[in-house]
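Biologist: I am new to this structure and would be grateful for a close look at a single part of it. Which residues surround ligand 1?

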Amino acid sequence: MTMEIIKAENLKHVYKTANGEKIALDDINFSIDDGEFIAIIGTNGSGKSTLAKHFNALLKPTAGKIFVNGLDTEDDENLWAIRENVGMVFQNPDNEIVAAIVEDDIAFGLENLGIEPAEIRRRVDLALDTVNMTDYKNFSPSKLSGGQKQRIAIAGAVAMRTKIIVFDEPTAMLDPQGRREVLNTIQKLHAQGLTIILITHFMEEAATADKIFVMEGGKILKIGTPREIFSDVKEIKRLGLDVPVAVELAARLKLPQKILNAKEFIAAIKNL
Ligand code: ADP
Ligand code: MG
């Protein structure tokens with residue numbers, strides 16, 4: 001049985017600017033099931049970050065509605081219940097880490113909730129293990145790589161036991177190794193049943209999601225599985241986006257099979 005965990009109905013967001021108004025989200029509709037892994041792709045300015053900020057009520061709709069875990073984000077009484085359910089991980093890990101020691105940083109949110117020390121200890125240890133950072137628990141975050149810092153930021157959300165984690169380009173500032181570490185962590189959380197929303201410019205990352213939302217000009221143009229979305233290479237490129245390298249190569253070689261990733265590409269080449 002699947003259950004809807006997020007629903008947007010005619011969601012609209014308009015920013016007021018010095019020279020008028022900017023429609024950043026233009027009447028969008030979607031629903032996300034509990035436990036789904038959604039990737040959001042779209043060119044700069046298409047509205048991805050604005051949408052991300054609606055998932056935990058950092059922004060409120062100008063019109064329309066968004067419900068998170070059944071809670072209307074517009075209702076201020078729901079704010080804490082929503083924030084407890086939705087973790088956010090942003091692009092720059094240096095902006096997210098507050099404490100001088102890794103484990104204190106992960107404990108920070110829990111201390112603010114007034115949770116008992118023994119329970120905090122348990123949750124921090126489990127979160128460290130989940131993101132594979134136990135060996136670094138006494139380190140200063142300033143000594144960590146970007147990928148390690150992002151995993152500490154993720155551990156903070158894991159320790160809070162949020163049901164949903166929204167990632168807004170979490171790997172944009174990382175080297176390939178850091179990107180792999182963070183993506184592996186995201187996939188592990190998905191396997192554990194969390195709902196994942198991943199905004200990314202890396203199409204290889206998007207290809208591992210259950211579904212992709214394609215945004216353009218404040219609208220969701222398309223929702224589909226990665227296979228569906230990347231089946232039309234021309235259309236994706238027309239939007240100014242890339243496709244995974246394996247998809248690109250298969251299209252150039254005019255392989256008969258529809259390829260989604262490197263593994264499928266290699267299998268198809270072997271069968272030629
Ligand atoms: P993306 O994350 O896809 O790059 P954003 O959601 O950041 O897109 O921005 C969507 C549109 O809204 C862009 O045109 C951007 O310039 C505009 N915008 C974003 N934030 C603000 C703001 N605080 N004030 C005014 N306009 C904004
Ligand atoms: Mg953005």
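Modeller: The answer below describes the surroundings of the ligand.

This is a predicted model, in which local features need pLDDT of at least 70 and side-chain atom pairs count only at pLDDT 80 or more, while totals for chains, interfaces and linings use all residues. Residues are numbered from 1 along each chain as its sequence is written, chains are lettered from A and ligands numbered from 1 in the order in which they are written, and side-chain values use heavy atoms, with hydrogens and water left out.

Around ligand 1 stand Tyr15, Thr17, Lys22 and Ala24, together with Thr43, Asn44, Gly45, Ser46, Gly47, Lys48, Ser49 and Thr50; each has a heavy atom within 4 Å of the ligand. By class, this shell holds 8 polar, 2 nonpolar and 2 charged residues, with Gly counted among the polar ones.

Three polar contacts (pairs of N or O atoms within 3.5 Å) can be described, each to an oxygen atom of ligand 1. Glycine 45 places a backbone N or O atom 2.7 Å from such an oxygen, and for a backbone N or O atom of glycine 47 the distance is 3.0 Å. Threonine 50 instead uses a polar side-chain atom, at 2.5 Å. The protein buries 64% of the 560 Å² that ligand 1 exposes when taken alone (Shrake-Rupley accessible area, 1.4 Å probe).

Strand S1 (4–17), strand S2 (20–33) and helix H1 (48–55) each give two or more residues to the shell; these elements are DSSP runs, of at least four residues for helices (H or I) and at least two for strands (E). The largest share, 3 residues, comes from H1.

Note on methods: A polar contact is a pair of N or O atoms within 3.5 Å; within protein, one must be able to donate a hydrogen and the other to accept it, and residues adjacent in sequence count only if both atoms are side-chain atoms.
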